[in-house]
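Colleague: I'm new to reading protein models, and I'd love to go through one with you. Could you show it to me and take my questions?

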Amino acid sequence: MNTQTLSMKSISIIGLGPMGQAMAQAYLEKGYNLTLWNRTASKAAKLREAGASLAQDLGEALTASKLVIISLTDYDIMFNLLENYTTFFKGRTLVNLSSDTPEMARKAAEWAASHGASFLTGGVMVPPPMVATAESYVFYSGNLAVLEQYRTILEVIGRTDYKGEDPGLALLFYQAMLDIMFTTVTGVMHATALVGTVNVSAQSFEPYVLDFFNFMKVLMQGMGAEVDHKKYNGELNNMNMMAAGMRHVAHASHDAGVNTTVPNLIAKIYEETVAKGHGKHGINSIIEVLKESSK
Ligand code: NDP
């Protein structure tokens with residue numbers, strides 16, 4: 001099919017994990033012509049019933065649409081899958097919404113350009129059930145003109161939050177947000193394990209966890225100004241007290257017989273913050289340790 005004759009209503013999606021399926025469903029509901037490809041073809045069954053086409057190979061998927069959305073576990077899978085299909089790249093825009101490092105995104109953008117394709121990096125910031133809802137948003141980076149060309153279409157998935165020309169930026173923001181998610185969930189599960197040692201069920205602990213997030217909102221309010229100005233207010237709670245508190249968490253975990261890896265690590269960071277002279281400063285001063293290279 002000639003590139004000129006392809007409609008802006010045609011989209012190809014490569015990858016039908018939970019995220020790819022959610023995006024495909026959203027586009028079908030908006031009346032787009034969808035061409036799908038997935039290693040496990042059976043995952044396209046319901047979407048085909050709803051009107052999508054299943055490409056027999058990746059060449060067919062790349063031929064069917066100018067806009068090709070990629071949703072795979074990581075970038076290496078994309079490189080492996082598409083390396084024999086680069087002759088189909090000319091005039092295509094690849095939008096990779098898979099997780100990986102900023103470096104991989106930069107490499108992918110160069111690789112795509114060397115074969116005549118435009119490339120946008122994206123990071124979807126909601127789970128599959130929230131795709132295409134008012135809360136959904138996606139970080140993007142790469143050529144702004146390319147994003148503008150497809151912005152209306154990409155907004156079906158969620159708000160397009162453009163972070164800049166450097167293709168790595170979307171994944172830098174994405175990984176930063178996952179950093180918050182993974183460390184937070186680890187803390188919650190560690191605490192759940194700790195109370196579990198005295199037979200407290202996770203279900204009865206859950207309301208305390210949910211309440212805690214209200215407190216976190218208050219605790220984190222104003223952190224931006226503190227970090228930007230390197231002024232960490234410790235009037236109400238300072239690092240000397242916090243480091244002692246964190247040691248108590250580590251000791252209590254040890255005594256209770258649960259894993260101490262995380263509390264020991266955090267206690268170490270807090271002690272290093274105090275050792276750097278922040279004993280009377282507030283908790284956000286730990287960034288002075290965290291922003292140092294670990295190399
Ligand atoms: P999955 O990891 O379940 O999706 C995997 C997709 O990659 C499937 O299409 C799978 O094919 C394909 N795949 C994996 N390994 C290979 C391989 N070796 N060769 C060919 N295809 C392969 O993830 P999701 O759909 O959940 O997520 C897709 C991306 O979206 C990920 O990068 C994820 O980080 C990101 N994301 C996910 C969110 C979520 O909550 N799920 C939230 C935000 C972003 P097959 O079906 O054949 O296994």
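Colleague: Which residues point one way from strand β4, and which point the other way?

Modeller: Good place to begin, and keep in mind that this is a predicted model. Strand β4 covers residues 67-70, and all four of its side chains are buried. Val68 and Ile70 share one direction, while the other direction belongs to Leu67 and Ile69.

Colleague: How many bridges join strand β1 to β4?

Modeller: Strand β1 spans residues 10-14 and runs parallel to β4. One of the pairs to look for is Ser12, whose bridge partner in β4 is Val68. Between β1 and β4, the number of bridges is 4.

Colleague: And which residue in β5 stands opposite Ile70?

Modeller: Strand β5 is made of residues 93-96, and it pairs with β4 in the parallel sense over 4 bridges. Ile69 of β4 stands opposite Val95 there. For Ile70, the residue opposite is Asn96.

Colleague: Does β5 show its own two directions, and which residue points the way Thr93 does?

Modeller: Strand β5 has two directions as well, and its four residues are all buried. Leu94 and Asn96 point one way. On the other side, the partner of Thr93 is Val95.

Colleague: Let's zoom out. Which strands are the edge strands of the sheet?

Modeller: The sheet is open, has 8 strands and shows mixed pairing. Its order is β3-β2-β1-β4-β5-β6-β7-β8. Each edge strand pairs on one side only, and these strands are β3 (53-54) and β8 (159-162).

Colleague: Is Ala61 buried or exposed?

Modeller: Ala61 sits in helix α3, which covers residues 58-64. Its C-alpha atom is 7.7 Å from that of Ile14, although 47 residues separate the two along the chain. Because the relative accessibility of Ala61 is 0%, and the cut-off is under 20%, Ala61 counts as buried.

Colleague: What about Ser7: is it buried, partly exposed or exposed?

Modeller: Ser7 belongs to the segment before β1. It is 25 residues from Tyr32 in sequence, with 9.6 Å between their C-alpha atoms. Its relative accessibility is 32%, so Ser7 counts as partly exposed.

Colleague: I see a ligand too. How far is an oxygen atom of the ligand from an N or O atom in the side chain of Asn38?

Modeller: There are 22 residues around the ligand, and Asn38 is among those that come nearest, along with Thr40, Lys43, Thr73 and Ser99. A polar side-chain atom of Arg39 is 2.9 Å from a ligand oxygen, and a polar backbone atom of Pro18 is 3.2 Å from one. For the side chain of Asn38, the distance is 2.6 Å.

Colleague: How much of the ligand's exposed area does the protein bury?

Modeller: Start with the ligand taken alone, which exposes 880 Å². Of that area, the share buried by the protein is 74%.

Colleague: Last one: what is the area of the nonpolar surface patch that includes Met181?

Modeller: Met181 lies in helix α7, residues 169-196. With a relative accessible area of 41%, Met181 is partly exposed. Together with Phe182, Val185 and Met189, Met181 makes a nonpolar surface patch of about 400 Å².

Terms used: Residues numbered from 1 in each chain as written. Predicted model: local features only at pLDDT ≥ 70, side-chain atom pairs only at ≥ 80, totals over all residues. Heavy atoms only, no water. Patch = residues over 30% accessible without salt bridge, like charges linked within 9 Å, V, L, I, M, F, W, Y side chains within 5 Å. Areas by Shrake-Rupley, 256 points an atom, 1.4 Å probe, with all protein chains shown as cover. Salt bridge = Lys/Arg side-chain N within 4 Å of Asp/Glu carboxyl O. Buried < 20%, exposed > 50% of the residue type's maximum accessible area, 1.4 Å probe, protein only. Near = heavy atom within 4 Å. Polar contact = N/O pair within 3.5 Å; in protein donor to acceptor, adjacent residues only side chain to side chain. Pairing = 2+ DSSP bridges.
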